[in-house]
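Thanks for making time this morning. I would like to walk you through one model, residue by residue in places, and then step back to how its helices pack.

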Amino acid sequence: MIADVRADNQKTEALFQDAQTIAAADKRKLDQIKRDLAAKRISQEQAQKELAAIDSNRQALEASIASLTERRNDWRQAAQEARSDANNPRLAQLDNEIDKLDKQIALMQSELDAINARRLTVVG
């Protein structure tokens with residue numbers, strides 16, 4: 001079971017790295033759209049078209065977070081069931097791996113929150 005959670009954590013770390021890269025690009029794009037709108041280099045309609053790709057990325061990140069949260073909850077349930085065997089010395093390791101997953105989810109949520117906040121400043 002611990003090996004499975006570790007494998008999930010490794011996949012989640014790779015997903016997080018990808019999400020960070022995409023989020024950084026989306027933040028730069030949002031800043032550019034905001035500047036272009038302010039300078040009247042693009043219309044509201046053009047801005048909305050450019051925002052569609054960012055919105056798609058946001059939705060994908062939301063779906064990933066939801067999936068990871070569900071997976072984390074499943075691991076928590078499995079750990080709780082394993083606690084019936086109070087002599088299981090590996091529970092601390094399992095809890096540690098679940099905590100790592102929880103932290104990665106929180107970091108991804110933080111990225112999403114930052115994008116959402118910046119998105120609102122461009123076109124409400």
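Let me begin with Q44, which sits in helix α2, in what I should say at the outset is a predicted model. Q44 counts as partly exposed, because its relative accessibility is 45%, a value that falls between the 20% and 50% cut-offs. Setting aside the neighbours within four places in sequence, Q44 is in contact with L37 and V123. The second of these partners is remote in sequence, since Q44 and V123 are 79 residues apart along the chain, and yet their C-alpha atoms are separated by 8.3 Å.

Moving to the loop between α1 and α2, we come to K40. K40 is exposed, with a relative accessible area of 72%, and its backbone deserves a moment of attention. Most residues other than glycine have a negative phi. K40, although it is not a glycine, has a positive phi of about 60 degrees.

Now to the interior. Which residues have the most contacts inside the largest nonpolar core? They are L61, I65, L94, I98 and M108, in a core of 17 residues. The helices α1 (2–38), α2 (44–82) and α3 (91–122) each supply at least two residues of this core, and α3 gives the most, with seven residues. Apart from this core lies another, of 11 residues, among them A23, L30, I33 and V122. As general background, nonpolar side chains in soluble globular proteins tend to be buried together.

Let me take M108 as a guide to the largest core. M108 lies in helix α3 and counts as buried, because its relative accessibility is 1%, where the cut-off is under 20%. Leaving aside the neighbours within four places in sequence, M108 is in contact with L15, F16, A19, L61, S64, I65 and L68. Not every part of the chain comes within reach of M108: its C-alpha atom and that of R76, 32 residues away along the chain, are separated by 19 Å.

Two of those partners can be read from their own side. L61, again without counting neighbours within four places in sequence, is in contact with A19, M108 and L112. L68, for its part, is found in helix α2 and is buried, with a relative accessible area of 2%. Beyond the neighbours within four places, L68 is in contact with T12, L15, L101, I105 and M108. L68 and Q93, by contrast, are 25 residues apart in sequence and 19 Å apart in space, C-alpha to C-alpha.

Also in helix α2 is T69, which is partly exposed, with a relative accessible area of 23%. The C-alpha atoms of T69 and I105 are separated by 7.0 Å, although these two residues are 36 residues apart along the chain.

I turn next to how α1 meets α3. How are these two helices oriented towards each other, roughly parallel or roughly antiparallel? They pack at an angle of about 10 degrees, with their axes 9 Å apart, and α1 and α3 are therefore roughly parallel to each other, the cut-off for that term being under 35 degrees. The residues of the contact of α1 with α3 divide into 17 nonpolar, six polar and 10 charged.

Two residues with non-hydrophobic side chains are worth following here. N9 is found in helix α1 and counts as buried, because its relative accessibility is 6%. Outside its neighbours within four places in sequence, N9 is in contact with E97, K100, L101 and Q104. Where does the side chain of N9 reach the backbone? It reaches the backbone nitrogen of L101, at 3.4 Å.

E97, which belongs to helix α3, also counts as buried, because its relative accessibility is 4%. Again leaving out neighbours within four places in sequence, E97 is in contact with I2, V5, R6 and N9.

To draw this together, we have seen a largest nonpolar core of 17 residues, to which α1, α2 and α3 each supply at least two residues, and a roughly parallel pairing of α1 with α3. I am happy to go back to any of these residues on the screen.

Conventions
Residues numbered from 1 in each chain as written. Predicted model: local features only at pLDDT ≥ 70, side-chain atom pairs only at ≥ 80, totals over all residues. Heavy atoms only, no water. Core = buried A, V, L, I, M, F, W, Y, C linked by side-chain atoms within 4.5 Å. Buried < 20%, exposed > 50% of the residue type's maximum accessible area, 1.4 Å probe, protein only. Helix = DSSP H or I, 4+ residues; strand = E, 2+ residues; numbered from the N terminus. Contact = heavy atoms within 4.5 Å. Polar contact = N/O pair within 3.5 Å; in protein donor to acceptor, adjacent residues only side chain to side chain. Axes fitted to C-alpha atoms, helices over the stretch in contact; angles between N-to-C directions. Parallel < 35°, antiparallel > 145°, perpendicular 65-115°, else oblique. Nonpolar A, V, L, I, M, F, W, Y, C, P; charged D, E, K, R; others polar.
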